[in-house]
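Please walk through this model in a viewer, one selection at a time. The stops are listed in the order in which to make them.

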Amino acid sequence: MAKWMVRKKVISVIVLLLIVFILGAVLPYAWQPKVSRNMTEQFQPDDFYGASETGERACIISDNETALEERIRLISQAEKRIILSTFEFDADESGKDVLSALMAAAERGVEVSVIADGFPGVLQFPGNPYFHAFTGTPGVEMKVYNPVRVWKPWTLMGRLHDKYLIVDDSTYLLGGRNTYDFFLGEGTGYQNYDWDVLVWCKEKEEGAAGVLENKSVGQLLNYFDSVWYHPESKRFYSRFRQKLSSVSKAEEELKTRYAGLQKEHPDWFEACDYEEKTFPVNQIRLLSNPVQTGVKEPVVFYQMTELMKSAREEVRFHTPYIICNDWMLERLKEVCQSVDSVQMMTNSVANNGNPFGAMDYQYHKQKILDTGVEILEYDGGVSYHGKCFAIDDRLSGIGSFNWDMRSAYLDTELMLVLDSEGLNRQLREVMKQYEKESLKVRKDGTVRIPDGLEPQQMGKKKEWMLKVLHWIGGWARFLM
């Protein structure tokens, strides 16, 4: 057989395998399920309000440097157990700060459990000496959710998007921050603005199972168990801790780094008066998507919009991107028809760090406006990554859920909903600081520029890139 015919057959086989792989990775997620009848019958917005204080208190962590500080403080003061869930965990500056604190906690006898998503994990963990040093520490167990397996393309799109840190089954941080420099610390390069909510329990009475009874941390611990013990959560461990010099060097560097943090930031390691810093809450409820890797019922989106529809006067919500199908837009329209004032803030096209989010918003802005929502476009120069909402003067929501089809149907997602006038007031005050740097979108899609704000200009390169993305990938909105 001629060589050219052999090459042609090999190329044909490769192309066929590539097509099968792509179809296998995409088609299982093209069908988007409806909300179940059981969900619509059982969900009651009144359940999210409480008549009296619960004993738990909460506050907003709105800036990146404080977010790193609080993580180090909580980890350094842990006595029994630490749980960290994160989509992405990098061994950059802030990532190594967190790693060093976690490793120090394990060395003093604290049980440390870390779970991260398998997609960034395949790039970050296997060849990284810092993670090998960390996972080789006695008392540390690390897992990756749904690790990338090319021979199982139908599982590739299901991702773990939850971000939270729990210490001693009593205090936790939950929000939208990943564990690396874009989200934590001072940062001199690219950054994202985001949110955490810190929940602290004044009462330390434990139930029979060792979990605080009738507290929100119990909801979060139960959710963690459902992911941790899921068949698609696989253990990551090191076989090289004592074999490779790079791992030994990384271990010593993390120990030195932790000692340096203690010397440079002694206040990070001091006990905090959380009662003074936090606000009392009447109720805390956790919204969560199903945890399987396949396509999901849009639980969190349905529950959030049901809560919004029950508002008396106004709804304010922030999302980095908004990529909605017709059903999601119809839900937003129902919210706008039920409530006098509904306002959304999202990134302007020029300010958006997610090219897919920028592209989709550029081409579907008018459909969003047609729902009746008032749109503000954040244009402050740093990509905004915050996911939060305020309903009237009591309910606040903070978490990982973006208003896109990926968060609705594909990923694990969490939103914590708190009934607290003080926390609601704090959230609104910080939301307003971002909104001051926003463009107001008119009903025809044009913008009104507030005094003192000079809008960013989108470069020709980005403009061209968005057109190409729309042409090539516009059909795949359900994966974004």
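The tour covers a sheet, one of its strands, a helix lying across it and two helix pairs in a predicted model.

**The sheet.** Select the nine strands that form an open sheet in the order β10-β18-β16-β15-β11-β13-β14-β19-β20, with mixed pairing. Its edge strands are β10 and β20 (447–448), each of which pairs on one side only.

**Strand β18.** Now select residues 414–419, which make up β18. How many of its residues are buried? Six of its six residues are buried, so the strand is mostly covered, with buried meaning under 20% relative accessible area. Colour L414, L416 and L418, which point one way, apart from M415, V417 and D419, which point the other way. In a regular strand, side chains alternate between the two faces of the sheet.

**Neighbours of β18.** Add β10 (residues 283–288), which runs antiparallel to β18 and is joined to it by six bridges. Then add β16 (residues 395–399), also antiparallel to β18, with five bridges. Centre on L416: its bridge partner in β10 is L286, and I398 stands opposite L416 as well.

**The β20 edge.** Move to β19 (residues 438–441), which is joined to β20 by two bridges in an antiparallel arrangement. Here K440 stands opposite R448 in β20.

**Helix α12.** Select residues 355–369 to show α12, which lies across β13 (341–347), β14 (374–378) and β19. The helix runs at about 155° to β14.

**Helices α10 and α11.** Select residues 299–309 for α10 and 326–338 for α11. What is the angle at which the two pack? The angle is about 15°, and the axes are 8 Å apart. Angles under 35 degrees count as roughly parallel, so α10 is roughly parallel to α11. The crossing of α10 past α11 is left-handed. To see the contact, show F301, Y302, T305, E306, M308 and K309 in α10 together with W327, M328, R331, E334, V335 and S338 in α11. By class, this contact has six nonpolar, two polar and four charged residues.

**Helices α3 and α4.** Finish with residues 64–76 (α3) and 93–107 (α4), which pack at about 10° with their axes 9 Å apart. That angle makes α3 roughly parallel to α4. On the α3 side, show L68, I72 and I75; on the α4 side, they meet S94, D97, V98, A101, L102 and A105. The residues of this contact divide into seven nonpolar, one polar and one charged.

Key:
Residues numbered from 1 in each chain as written. Predicted model: local features only at pLDDT ≥ 70, side-chain atom pairs only at ≥ 80, totals over all residues. Heavy atoms only, no water. Axes fitted to C-alpha atoms, helices over the stretch in contact; angles between N-to-C directions. Helix = DSSP H or I, 4+ residues; strand = E, 2+ residues; numbered from the N terminus. Parallel < 35°, antiparallel > 145°, perpendicular 65-115°, else oblique. Left-handed = near helix turned anticlockwise from the far one by under 90°. Contact = heavy atoms within 4.5 Å. Nonpolar A, V, L, I, M, F, W, Y, C, P; charged D, E, K, R; others polar. Buried < 20%, exposed > 50% of the residue type's maximum accessible area, 1.4 Å probe, protein only. Pairing = 2+ DSSP bridges.
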